[in-house]
Amino acid sequence: MPSSHDFLERCDKLAVMGGTFDPIHNGHIAVASAVLQEFKPRRVLFVPGGQPPHKPDIPVSDGEHRFNMTLSAICENPAFDASRMEIDRKGPSYTVDTIAALRKICPAGAKIFFIIGADALMEILSWHGAEKLLSLCEFIAVHRPGYELEKKYVKNLREKYGAVVHIFEGPLLEISGTQIREKFAAGQAVGGLVPRVVEDYARTHALYNMPAPNLSQSNFETVKQRICSVLSKGRFRHTLGTIIEAEKLAAHYGADVNKARWAALLHDCAKEFSTAKKRVLCAHWCIQLDPILASHIDITHSLLGAESACRDYGITDPEILQAIACHTTGGANMTLLDKVILLADFIEPYREDYPPLAEMRRHAYTDLNKALRIGMEFTINELLERGHAVHDRTRDALRELS
Ligand code: ATP
Ligand code: MG
């Protein structure tokens, strides 16, 4: 999956799935997957709407949240992509404007399908610019349990408006955003209806009348379970070790122990994202890639980790987020918490031995800066020996620690 919409410039066959996606659910994903198989577009582009013009009275979750959920649900599939086009556009979201904009980006003569559920198709003539829209793309009208696709209506679209409508049975899943929002609000399980990442996101951000999470011990245990399920065994063990060490260091030096615990828990939450996912998320989350970060994309796991801690785990505390963000390279003006996390990561009790580990541990509780200096000098030498460039932030950090 590419990191921007550059692919559209070369895309001669595109399927677009518009919707409120409040939230995106397994019905949407199953439909998109089935379309991919049957119609073989190069990509399915999910376009979460801004303020939906046809739902003016129904409160809709913030566009950023709906986009984040959409992206997290689809970003591992190279044939899927998500567009911010509608949520970034001011004013009501009209599909006709979106398809017209996509037409301008795609090569001339590109085939563009708009995937539309039976319920939405039956209302299409009431949409803004319907006639133009019907001429701009082909439609894949997907059956949806509980809604009838009236033959007469489709015939009218074809004959009176010249619309190209492909009737597609699709996976016939009885899932809707409305049903999922109701289940969330009633405290009921939504397993099987939405991808796990979407469920976690919605709970973390208390989107559908759920209590907001916080930095409490009970939420810590919940997030710990989630981290356990997303990290490999070895990485989770390292995380547990970092929590132990960070708590001890924070208590010893007078940093906030709870913040240290949270930063340690989440510091590697993005570490095991695939390279493709790291690149995509850097682009979508506006993380600037300087040449060093671009050539060693793994280093961005600290910056992605801070973003993910906020977006996916509901952490808003700036000190925690900064400590996560700077734990790979370090940086200028590091706070006590930043240093605690950096050092805990270096010396946590489960770390396998490496040359300066014992020396760092010896100084850890008497001279924090010295222990860090030893670790950073070692890291720099290792990088240079392997012919890698050293990030300026690491040099800045080392200068200040000396
Ligand atoms: P809500 O209940 O909030 O309206 P929704 O499930 O209808 O949510 P939307 O974001 O409104 O989801 O739908 C986007 C598009 O996906 C629409 O074209 C809709 O018809 C289609 N769609 C949604 N769910 C299904 C489903 N289960 N089967 C087929 N099409 C679906
Ligand atoms: Mg709907």
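User: How much surface does the chain expose, and what share of it do carbon and sulfur atoms supply?

Analyst: In this predicted model, the chain exposes about 18,400 Å², and carbon and sulfur atoms supply 50% of that area. Buried residues make up 51% of the 402 residues in the chain. The C-alpha trace spans about 80 × 45 × 35 Å along its principal axes.

User: How many positive and negative side chains are there, and how far apart do the centres of the two sets lie?

Analyst: There are 47 positive and 50 negative side chains, and the two centres lie 3 Å apart.

User: What is the secondary structure of the chain, and what share of its contacts join residues at least 24 apart in sequence?

Analyst: The chain contains 20 helices and six strands. Among contacts between residues at least 6 apart in sequence, 69% join residues at least 24 apart.

User: How should one read the nonpolar cores, and which residues of the largest one touch the most other members?

Analyst: In soluble globular proteins, nonpolar side chains tend to be buried together. Here, the largest nonpolar core holds 99 residues, and those touching the most other members are Val44, Phe46, Ile227, Leu266, Leu343 and Phe346. Helix H17 (residues 336–347) gives this core its largest share, eight residues. There is also a second, separate core of 32 residues, with Cys106, Ile112, Met122 and Leu133 among them.

User: Which residues does valine 44 contact, leaving aside its neighbours within four places in sequence?

Analyst: With those neighbours set aside, valine 44 is in contact with Ala15, Met17, Ala32, Leu36, Ala79, Phe80, Asp81 and Ile115.

User: Why is helix H17 described as largely enclosed by the rest of the structure?

Analyst: An α-helix has 3.6 residues a turn, so residues three or four places apart point the same way. In H17, eleven of the twelve residues are buried, and the helix is therefore largely enclosed by the rest of the structure. The buried residues include Asp338, Lys339 and Asp345, along with Leu343 and Phe346. They pack against helices H11 (233–253), H12 (257–266), H16 (318–325), H18 (357–364), H19 (368–385) and H20 (392–401). From its first C-alpha to its last, H17 reaches 16 Å, close to the 16 Å expected at 1.5 Å a residue.

User: Is valine 257 buried, exposed or partly exposed, and in which helix is it found?

Analyst: Valine 257 is found in helix H12. Its relative accessible area is 27%, so valine 257 is partly exposed. Apart from neighbours within four places in sequence, valine 257 is in contact with Glu247, Ala250 and Ala251. Valine 257 and serine 83 are 174 residues apart in sequence, and their C-alpha atoms are 40 Å apart in space.

Notes: Residues are numbered from 1 along each chain as its sequence is written. Chains are lettered from A and ligands numbered from 1 in the order in which they are written. This is a predicted model: local features need pLDDT of at least 70, side-chain atom pairs count only at pLDDT 80 or more; totals for chains, interfaces and linings use all residues. Side-chain values use heavy atoms; hydrogens and water are left out. A nonpolar core is a set of buried Ala, Val, Leu, Ile, Met, Phe, Trp, Tyr and Cys residues joined through side-chain atoms within 4.5 Å. Buried means under 20% relative accessible area, exposed over 50%, partly exposed in between (1.4 Å probe, protein chains only). Helices (H or I, at least four residues) and strands (E, at least two) are DSSP runs, numbered from the N terminus. Contact means heavy atoms within 4.5 Å. The expected span of a helix is 1.5 Å times one less than its number of residues. Accessible areas come from the Shrake-Rupley method with a 1.4 Å probe; for residues, only the protein chains shown count as cover. Lys and Arg count as positive and Asp and Glu as negative; His and the chain ends are not counted. The place of a charge is taken as NZ of Lys, CZ of Arg, CG of Asp or CD of Glu.
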